[in-house]
Amino acid sequence: MRTTPNRRDDAGLARRCFKQAAETARTSSREDLLAHFQRVRAASVEMCRPLTAETYRIQPAEEVSPPWWNLGHTSWHYVRAALEPFGGRREPEDDEFDFVLNSYYAVFGERLARGRRGSLSKPTTEEIYAYRASVDRRVEELLMQISEERLDELAFRLVVGMNHEQQHQELFYTEIKNILAQNPPSLRAAYLPSDASESTGGLPDPLRFLEFSGGLSEFGHAGPEWCWDNELPRHKHFLAPFALADRLTTNGEFLAFIEDGGYQRQLLWLDNGWNAACEQAWKAPLYWERVDGEWHNWTLAGLRPLAMDEPACHLSFYEADAFTRWRSETFADEGSVRLPTEREWEHAARRMECQADAGAFLDLGRLHPRPATGTAPLRQMFGVAWQWTASYYEPYPGYQSFAGDLAEYNGKFMDNQRVLRGGSCATPQDHFRVTYRNFWPAVTRFQFTGLRLARN
């Protein structure tokens, strides 16, 4: 296993893996399914190659898993969700690693506490890579040998596994960013080349609101393509008239909130948010740092002066919500603004037939939210930063979870979490759909999370 970094070459190879994966359609053809599986798996390995041996083992916070664990857990998932149900070949390490690589599946038994993943010296990183190779060989054997009668069922399980791994690929980047940020400034090493996430510079266009008439509309996934169970069923919902900002809120706009005492004004905050801000000493978005009196931003390409036209990112729901109250108070002529609901966001994206901005999503490898570009009525809707919504993560009317062990994947988390929409600069593009529902606790900051304003 190579751990000596060659960052520019490795990042390019990872981007090619993601692009190849996106070009392979999801299909029940054995050969095409295997090719897609191999490309998803290769992308996870390539994105980790720039890491040092030490970086693989670090866990700076409970929600930030070390890279070795993600590499192992995504492999373990294929064992439990695909190999075992179809009689695939077992190896001794399946039992040896089961306790440490299970995430939250109660049906599979006891598991290591989430916050202890960074405290283990075993299995070693080398053993995890060997485990991945073993799982890959066994999945290939099973896929080539299974009967035609059971192929579609296996294909569904493998597609679940590949989408699960793509979710962890996005987590890899947000976790790597958090891990590298823990080092003292003089010892930090960037993950990407220094020119990979430069801003275009300049000031953003004035914020504009696009109006929608509302009414009875349909929401949720439709069509034969695969989706997560929480995107179903397709259903109708009535929306009151609303307006949506034409772009994301920028660093410059959020800086005005900070300079006006936004983090010191309790009445701007929900009570749980104020308590979290006090307990965790929030003074600015995650990764903002003062250097010689000027704001800088830690990125995967290193520490850079804060670009005022880039989207404000790494915000908790509470920070985004407090900003809306401050904005309503400060810009009274703009009207009372708020966060959109997830159905308002989806309705606007469909109605305007939104497309991704140039440089969006993971596939181009920028790994940093880009300023708004182009002339589309709604910009930065897809693949720039996840956008907090006012919606709690709840089941759609008539929701049914996946069957069996996969029932634990989404449904049991529909409690005290908020929905985010739109994908981020770390989301593989072929993994995303307009109906995709991301969800995190309201205090989450280490993801690429930003905000878009709405109003009645």
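**Strand β4, helix α7 and the nonpolar cores**

In this predicted model, strands β4 and β13 (residues 454-455) pair in the antiparallel sense over 2 bridges. Strand β4 spans residues 242-245 and is also joined to strand β1 (residues 209-212). Helix α7 (residues 148-181) gives the largest nonpolar core its largest share of residues.

Strand β4 and its partners

- The pairing of β1 with β4 is antiparallel and has 4 bridges.
- A243 of β4 stands opposite E211, and the bridge partner of A243 in β13 is R455.
- F242 and L244 point one way from β4, while A243 and A245 point the other way.
- Such alternation of side chains between the two faces of the sheet is what a regular strand shows.
- F242, A243, L244 and A245 are all buried.

Helix α7

- The 34 residues of α7 reach 49 Å from first C-alpha to last, close to the 50 Å expected at 1.5 Å a residue.
- Most of α7 is covered, with 27 of its 34 residues buried.

Nonpolar cores

- The largest nonpolar core has 123 residues, and those touching the most other members are L101, Y191, F254, F257 and W269.
- Helix α7 supplies 14 residues of this core, the largest share.
- A second, separate core has 5 residues, including Y393, Y399, M414 and V419.
- In soluble globular proteins, nonpolar side chains tend to be buried together.

Surroundings of F254

- Leaving aside neighbours within four places in sequence, F254 is in contact with T249, Y263, P285, W288, A312, L315, E319 and F323.

Conventions: Residues numbered from 1 in each chain as written. Predicted model: local features only at pLDDT ≥ 70, side-chain atom pairs only at ≥ 80, totals over all residues. Heavy atoms only, no water. Expected span 1.5 Å × (residues − 1). Buried < 20%, exposed > 50% of the residue type's maximum accessible area, 1.4 Å probe, protein only. Pairing = 2+ DSSP bridges. Core = buried A, V, L, I, M, F, W, Y, C linked by side-chain atoms within 4.5 Å. Contact = heavy atoms within 4.5 Å.
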